[in-house]
Amino acid sequence: MAVVLNSKLPLEVWAGVECTVNRVGEEYFDQLERNGHAMRLDDLDLFAELGIKAIRYPVLWERTAPDGLENADWSWADERLGRLRELGINPIVGLVHHGSGPRHTSLVDPEFPEKLALYAGAVAERYPWVSFYTPVNEPLTTARFSGMYGHWYPHGRNELTFARAFLGQCRAIALSMKAIRKVNLNAQLVQTDDLGKVYSTPKLAYQAEFENERRWLTFDLLCGRVNSTHPMWGYLRYCGISEAQLEWFLQNPCPPEIMGINHYLTSDRFLDERKERYPACSHGSNGQDEYADVEAVRVCADGAGGPRTLLLEAWERYKLPIAVTEAHLNCTREEQLRWLYEVWNAALSLRDRGVDVRAVTAWSLLGTYDWTSLVTRWVGDYESGVFDLRSPRPRPTAIASMMRDLSAGRKPNHPVLDIPGWWHRQERLLYPAVSCGVGEVGRVGKDTIIPSSPPAPLAIVGATGTLGKAFARLCELRGITYYLLSRQEMDIGNPASVDAVLSKLKPWAVVNAAGYVRVDDAEREPDICIRVNAEGAANLATACARHNVALLTFSSDLVFDGTVSNPYMESDTVAPLNVYGCSKALAEKLVLKVNPSSLVIRTSAFFGPWDDYNFITIALRQLSAGNTFVAAEDAIVSPTYVPDLVHASLDLLIDRECGLWHLANKSAITWADLARLAAKKAGFNPSNIIALPTQELGLSAKRPNYSVLGSNRGELMSSLDSAMSRYFDECQRF
């Protein structure tokens, strides 16, 4: 018997696994293989801990029956669906997700609908207890990418291929549900598509009107609304679709039981004929006018669309139950939290007005791969989601905590939620602002939580140092309220000073970016170094524990002696060779003893674009002046790009991680080779780098010959090459 969702019940939290299996040429791109879920059954237990009621889950045609139904392998689906059933999670089964089916068919195969329907019927026969289906995810989006833009198979770039691919998918949905309902009469269709809205200048209003009508096509067609008076009838006929093909949907309507709206912040677009205002990559043409097509949030002064507006439009048009079936933002952690919570609050406010919104779906549980290149090639760009896959096992992020709160009916209380997302802040505008009409994304609306008192700040200790300044700069960028403290404002060597400042500021967390950093001078001033680095950090940890405030503090690769030849992990034994390393090792021990919930990050060999005294900046300055530059040829390190370090550290802090973590850009390189790499990228002659053994450099403090940092907790940092490229890009901006 089908489980009927009741709109009078509380708003539900759903989830989804990004499961795209799309085809590019002869190659299939499988997200389930990339994210490892194909091999991890115990992911489902992690998902269940979130308290979710339902999950969008793949039983994909391409994976299950690539060589025909007679050769189908149901073992994977049997195990996964069985486990979901045991866990009490309703699967919303997806059959095709941005795909085109096995190799023996395609989106423009006239028999594609019947072939998918046969597979759908087989799925229903095998799992008759499954009540919710999405036979084809986002048919309109998939048709555009496959038939109009040429990104995915069959790589069409014309309106006929688009229209054939689109109608073929919609017909497949209707036939699939018919086949499923022969087994389960009460099976329900949860139909998804992206309903991004288009805005424009007055001149291009006709194009915006056309695209805004086309965005409803999936639902209009399935609901039997596309008749000879429908605005899209003539367009589809112009594309080459026959009247008989369109009339089939009038005779075989298949309205969804739940409209699934996949909403992304950047789906809303703005069209402007003043191309000179925008980058060349945004320029295009409709054959009548040339114009730029950009993200509306980046140009609309008064906002554009937004979740509340979109949901309300869908309700007023169809009066069908609605679920947000994808809510995701590729951004920093606090912005992911803000976006999900804003969508949730929009749904709640509409329910109060009588709109039948059933659920909000956190997407994607395991993050996504290579959507920055529209999944057209293997690049390796990973966006974390509810879980972060860059750890040995999926690591729950702050989004997981939010989902548990929402599922249990609790109000999330993370301090970063007190600040509006970047889409509400002025810095969102990358182009000259234009009035686009009434909207909600660009302005602070009723679904954005505004605190009654000033948000609790992040206290940053170390106002004059490289790291402290970098934290302040990036907190500003990320919309994280902060207070940058100088030594005069807080002396971490004085427990009373620390306690007084925490009592006054009431921060939600403290970042200790202060410290004694002169490694060689520490050999002459051991007492001062240990007092600042170890005793000061311990004072902070003690005070933070007393005030129930999170603490982030930093340690160094110099806590190791370099006697190994593989990257050091967090669990490796420390054995410092110099006073500075001893002070950091002692700090780690003291901090975690008095405050075990502290986050202690070991890092190494800073370089960055915002200070004049890091190794790479000094090397390039010397080379630019025509001088030689001396560097060690036998000390191997893992350099750390400061912006990457700060971003990753903030994410871990927001995730409420604790204990020891290693953060450094992935590499193992000598100081001399690092200087040569920077010289080559800057266009200088690397032969001006003089490589010498460390012992000939006249350093007071002994250094390990090998201090590369690895991690058994999570590899969160990019490669050195990537970091170096961004270093030069950022330097050119200043």
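## The disulfide and the other cysteines

Cys300 and Cys436 are both buried. This is a predicted model, and in it the two are joined to each other by a disulfide, with an S to S distance of 2.0 Å. The structure holds one disulfide in total. For the handedness, look at the torsion about the S-S bond: the value is about -85 degrees, so the disulfide is left-handed. Where do the two partners sit? Cys300 is in the loop between β12 (290-295) and α12 (307-318), while Cys436 is in the loop between α14 (398-407) and β19 (458-461), so the bond ties together parts that are 136 residues apart in sequence.

A couple of other cysteines deserve a look. Cys239 is in no disulfide, and the nearest cysteine sulfur, which belongs to Cys170, is 13 Å away. Cys239 is buried anyway, with a relative accessible area of 6%. Cys254 is in no disulfide either; there the nearest cysteine sulfur is that of Cys223, 8.9 Å away. At 5% relative accessibility, Cys254 counts as buried too, because the cut-off is under 20%.

## Where α7 meets α10

Cys239 turns up again in a helix pair, on the α10 side of a contact with α7. Helix α7 covers residues 159-183 and helix α10 covers residues 231-239; they pack at an angle of about 115 degrees, and their axes are 8 Å apart. From α7 come Glu159, Leu160, Phe162, Ala163 and Leu167, and from α10 come Tyr235, Leu236, Tyr238 and Cys239. What is the make-up of this contact by residue class? Eight of the residues are nonpolar, one is charged and none is polar.

## A four-stranded sheet with a helix on it

Next, the sheet. Four strands make it up, in the order β8-β10-β12-β11, and the sheet is open with mixed pairing. The edges are β8 (198-200) and β11 (283-285): each has a single partner strand, so one side of each is left without a neighbour in the sheet. Ignoring direction, neighbouring strands are turned by 35 degrees against each other on average.

At the β11 edge, β11 and β12 run antiparallel and are joined by three bridges. One pairing to pick out on screen is His283 with its bridge partner in β12, Ala292. Helix α8 (residues 205-214) packs on this sheet and touches β8, β10 (269-272) and β12; the direction of α8 makes about 175 degrees with that of β8.

## A buried asparagine in a loop

Asn35 is in the loop between α1 (31-34) and α2 (43-48). Is this loop residue buried or exposed? Asn35 has a relative accessible area of 3%, and since anything under 20% counts as buried, that makes it buried. As for the company Asn35 keeps, setting aside neighbours within four places in sequence, the contacts are Val17, Glu18, Arg40, Leu366, Tyr369 and Leu389.

## Helix α21 and the glycine after it

Does the length of α21 come out long, short or as expected? The helix has 12 residues (671-682), which at 1.5 Å a residue should span 16 Å; the end C-alpha atoms are 17 Å apart, so the two agree. Several of its residues are buried: Ala672, Leu674, Ala675, Leu677, Ala678 and Ala679. Just after α21 comes Gly683, with a positive phi of about 85 degrees.

Note on methods
Residues are numbered from 1 along each chain as its sequence is written. This is a predicted model: local features need pLDDT of at least 70, side-chain atom pairs count only at pLDDT 80 or more; totals for chains, interfaces and linings use all residues. Side-chain values use heavy atoms; hydrogens and water are left out. Axes are lines fitted to C-alpha atoms, for helices over the stretch in contact, and angles run from 0 to 180 degrees between N-to-C directions. Helices (H or I, at least four residues) and strands (E, at least two) are DSSP runs, numbered from the N terminus. Contact means heavy atoms within 4.5 Å. Ala, Val, Leu, Ile, Met, Phe, Trp, Tyr, Cys and Pro count as nonpolar, Asp, Glu, Lys and Arg as charged, and the others, Gly among them, as polar. The expected span of a helix is 1.5 Å times one less than its number of residues. Buried means under 20% relative accessible area, exposed over 50%, partly exposed in between (1.4 Å probe, protein chains only). A disulfide is a pair of cysteine sulfur atoms within 2.5 Å. Two strands pair if DSSP finds at least two bridges between them.
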